[in-house]
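Student: I should like to examine how certain structural labels are justified. May we go through them one at a time?

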Amino acid sequence: MNKKTQKILSMLLTILLCTSLFTFSSLSGNALQNNSEYEYTVLEDDTVVLSAYLGNETDVVIPGEIDGKTVTSLFHYLFKDKTEIESITIPSSISTINAGFIDGCTSLKTFIVDANNSNFTVKNNALFGKEENAFTVLVQYPYGLTNSEYTIPEGTKRIEENAFDKAELSKIIVPSSLVTIGNYAFYRCKKLTAIQFAAKGKLKTIASGAFSDCSALIEMNIPKTVSFLASDVFYGCTSLKKVSLSPEMDDIYPETFRDCTSLSEVDIPAGIMHIQYGAFLNCSSLKVLLVPYSVTRMEDHCFGYKYIKEQNEYVKYPDVKLQGYTEKYSEVAAGYAYYNDIPFEKIKKQYSFAEIIELIKEIISGFILSIRDFFQSIFTVNVVK
């Protein structure tokens, strides 16, 4: 199995995991009912899904039963825009919670989970779900907390969809255990300026829109372990100036950096093969893009263009250029430049001190191996004689 196939299978597995543990099928076909506090649906197995909260309590205690039927699931937007809610108590019967169930609950500070609930718990103020018999999935951070910094507990492996949406945080500290950041996990975190990744982490996947509209984020160094950076991840990060990508990545996906109007420096390592449609669309400050020799496909409007919605028109920026190393450059990048009337400049690679040390190590290692092979061949000849 080649590297590309392994990555695709890994991504598919991640998507299945993200959609199977805390979500369930549509409620269509089941009659919507209500009482004084909730709109709800009774499923075929006689369990209850809560779909809308009708009350106005500040401290909400979710019932374990309605009309003698067990409440097991909390649907999308259950508590939408209930700004008065300060705490939510989850009973032991709840086994499924959908993303966005507290959307707009700007005063919510506390989750309380019944001690007999085997599916959810609270760690460091956040709601966690169980996976592989351990509470490793961060499901939801309470929007009403005013902390400027949050440390995700060590042992966390995945952050669920929309878990930190609109959180008032300026800094996130990520543990070494984290493997996956889910769709729109930090969407609209307008005050977020810094993300501190563990030095020796396990992060592999950053899913679609994970940091989109984080308008205060200035710099992002993608950990070198990341192999999948999805589309729209930094869409609308208008203060983002500098990004370094992971050498484990194959693709820069569609519109990953769209509308990053302050972005002026992108480090694309050798190994990346595809720059997809609109990857850097509307990046008005990105004047120069150095493309490594490994790039074999550059799609329409991936660099050097802005989109004017009113006219439904793509317009090329007049002062942009592509670069490649003189020693070895991407012919695809040169072709993209030619067909889009963008200057292409060959530059001599400037090696960093660390890269020079690595080159010296490789030379010394190669020299030692050559000497070893030489003496082994002499020894072999003598033995034969």
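**Strand pairing and surface charge**

Tutor: Let us begin with a single pair of residues: in strand 8, Thr 96 is the bridge partner of Ser 73. The model is a predicted one.

Student: What makes strand 6 and strand 8 a pair?

Tutor: Two strands pair if at least two bridges are found between them. Strand 6 and strand 8 (residues 96-97) are joined by 2 bridges and run parallel, so they meet the criterion.

Student: How do you know that strand 5 pairs with strand 6, and in which sense?

Tutor: The count is again 2 bridges, here between strand 5 (residues 65-66) and strand 6 in the antiparallel sense. Since at least two are required, the strands count as paired. Within this pairing, Glu 65 lies opposite Thr 70 of strand 6. The hairpin of these strands has 2 residues between them, and Asp 67 adopts a positive phi near 55°.

Student: How many bridges join strand 3 to strand 6?

Tutor: Strand 3 and strand 6 (residues 69-74) run parallel and are joined by 3 bridges. Val 48 is placed opposite Val 71 of strand 6.

Student: What makes strand 10 and strand 20 edge strands?

Tutor: The open sheet consists of 7 strands in the order 10-11-12-14-16-18-20, with mixed pairing. Strand 10 (120-123) and strand 20 (228-229) each have a single partner strand, so each has one side without a neighbour in the sheet. Strand 12 (residues 134-140) and strand 14 (residues 158-159) pair in the parallel sense over 2 bridges, and Arg 158 in strand 14 is the bridge partner of Val 137.

Student: In which sense do strand 27 and strand 28 pair?

Tutor: Strand 27 (residues 305-308) and strand 28 (residues 313-316) pair in the antiparallel sense, over 4 bridges. Lys 306 has Val 315 in strand 28 as its bridge partner. Their hairpin has 4 residues between the strands, and Asn 312 takes a positive phi near 50°.

Student: Why is Glu 57 called partly exposed?

Tutor: Buried means under 20% and exposed over 50%, with partly exposed in between. Glu 57 has 44% relative accessibility, and therefore counts as partly exposed. Glu 57 is located in the loop between strand 3 (48-53) and strand 4 (59-61).

Student: Which residues form the negative surface patch?

Tutor: The patch is formed by Glu 37, Glu 57, Asp 59 and Glu 86. The term negative applies because Asp and Glu count as negative. Patch residues must have over 30% relative accessible area; Glu 57, at 44%, therefore satisfies that requirement.

Terms used
Residues numbered from 1 in each chain as written. Predicted model: local features only at pLDDT ≥ 70, side-chain atom pairs only at ≥ 80, totals over all residues. Heavy atoms only, no water. Patch = residues over 30% accessible without salt bridge, like charges linked within 9 Å, V, L, I, M, F, W, Y side chains within 5 Å. Areas by Shrake-Rupley, 256 points an atom, 1.4 Å probe, with all protein chains shown as cover. Salt bridge = Lys/Arg side-chain N within 4 Å of Asp/Glu carboxyl O. Charge placed at Lys NZ, Arg CZ, Asp CG, Glu CD. Buried < 20%, exposed > 50% of the residue type's maximum accessible area, 1.4 Å probe, protein only.
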